[in-house]
Every structure is written in C-alpha cells, then in structure tokens.
Amino acid sequence: MDTRLQEAAHRWFRHAWPEYTEHIARTGQQPIRQVEAPAGLTQEHYHQGRPDFVLECPNRFYHFLAVELKLPFGTRPQGQAAWRQVVERQQGKYSSCHTLADFIRAINQYMDER
C-alpha cells in the first residue's frame, strides 16, 4: 500500500509539474543527491526514515525538498529524525506526508516559494 501511495504521488507530480519531472527522484528507484548517511544508524535502519522523494529544485529558502510518505497509521521510523537532520544540514526542507493531499500541499507550497 505504501508503494501505491508513492506511485500516485509520482503520477500526480508528473501531471501537475511536467517541466520539473527530471528534478524529482524516487529514492528507491534511482540515485539521489549525495548525502551523508546519518551518524549512528545501523545498516538495518539506514533506509528507515530516508525520504521517498527528493525534489532537486531550489526555492527562495531551501536547496531541495525531501518528502517522506507515511501511511496514515504509520509510525515514525527510528532513522527519520536522523535523516531530517542530514537534509536540514544541507539546507534542504524535510516534509513528512501521510496522504496524497499532504504531498500535493507540500509540493505546491514549496514550488510557490520559488
């Protein structure tokens, strides 16, 4: 089900922002910007909390947007806080979204701040 949410989010983005399709990466499918691994995470926790999408398009406030999609009943992974710190250290914005509507709102708000 988590994969279906990711696919729906990716489809929406390609439709709503076609000129930026090359700037968004699903982290499970293709490499993203080189970010350091959060300190102290074991190999098994490395991917937990890692953003599902990275929009490599700067706006007025941030260099990029990292989005973690969570199911409405999902729990906060152990590594999420660590990944958030890594993203913020690199002047990125980290957003956690529980629904497609949350994802749409996060993307549109970020893009409106260009």
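In which helix do Glu88 and Arg84 both lie, and how many residues apart are they? In this predicted model, Glu88 and Arg84 both belong to helix α2, which covers residues 80–89, and they are 4 residues apart, about one turn of the helix. The legends below begin with this pair.

**View 1. A salt bridge within helix α2 joins Glu88 and Arg84.** The side chains of Glu88 and Arg84 meet with an N to O distance of 3.2 Å, and this is one of the 2 salt bridges that a search of the whole structure finds. Side chains of opposite charge can pair when their charged atoms come close. Glu88 has a relative accessibility of 42% and therefore counts as partly exposed, while Arg84, at 31%, also counts as partly exposed.

**View 2. A salt bridge within helix α3 joins Arg105 and Asp102.** Here the side chains of Arg105 and Asp102 meet at 2.7 Å, again given from N to O. Both residues lie in helix α3, made up of residues 100–112, where they are 3 residues apart, about one turn of the helix. Arg105 counts as exposed, because its relative accessibility is 51% and the class begins over 50%, whereas Asp102, with a relative accessible area of 23%, is partly exposed.

**View 3. Four strands form an open sheet with mixed pairing.** The strands follow one another across the sheet in the order β1-β2-β3-β4, and the edge strands, β1 (24–26) and β4 (92–97), each pair on one side only. Neighbouring strands of this sheet are turned against each other by 20 degrees on average, with direction ignored. Strands of a sheet pair through backbone hydrogen bonds, either parallel or antiparallel. For β1 and β2 (residues 53–55), the sense is antiparallel and the pairing runs over 3 bridges; within β2, Phe53 is the bridge partner of Arg26.

**View 4. Helix α1 packs on the sheet.** Helix α1, formed by residues 2–16, touches β1, β2 and β3 (64–69), and its direction makes about 165 degrees with that of β1. One of the residues in helix α1 is His10, whose surroundings are the topic of the next view.

**View 5. His10 of helix α1 is a buried residue.** His10 has a relative accessible area of 13% and so is buried, since that class means under 20%. Leaving aside its neighbours within four places in sequence, His10 is in contact with Ile24, Arg26 and Phe53. In addition, a polar contact of 2.8 Å joins the side chain of His10 to that of Arg14.

How values were computed: Residues numbered from 1 in each chain as written. Predicted model: local features only at pLDDT ≥ 70, side-chain atom pairs only at ≥ 80, totals over all residues. Heavy atoms only, no water. Pairing = 2+ DSSP bridges. Helix = DSSP H or I, 4+ residues; strand = E, 2+ residues; numbered from the N terminus. Axes fitted to C-alpha atoms, helices over the stretch in contact; angles between N-to-C directions. Contact = heavy atoms within 4.5 Å. Buried < 20%, exposed > 50% of the residue type's maximum accessible area, 1.4 Å probe, protein only. Polar contact = N/O pair within 3.5 Å; in protein donor to acceptor, adjacent residues only side chain to side chain. Salt bridge = Lys/Arg side-chain N within 4 Å of Asp/Glu carboxyl O.
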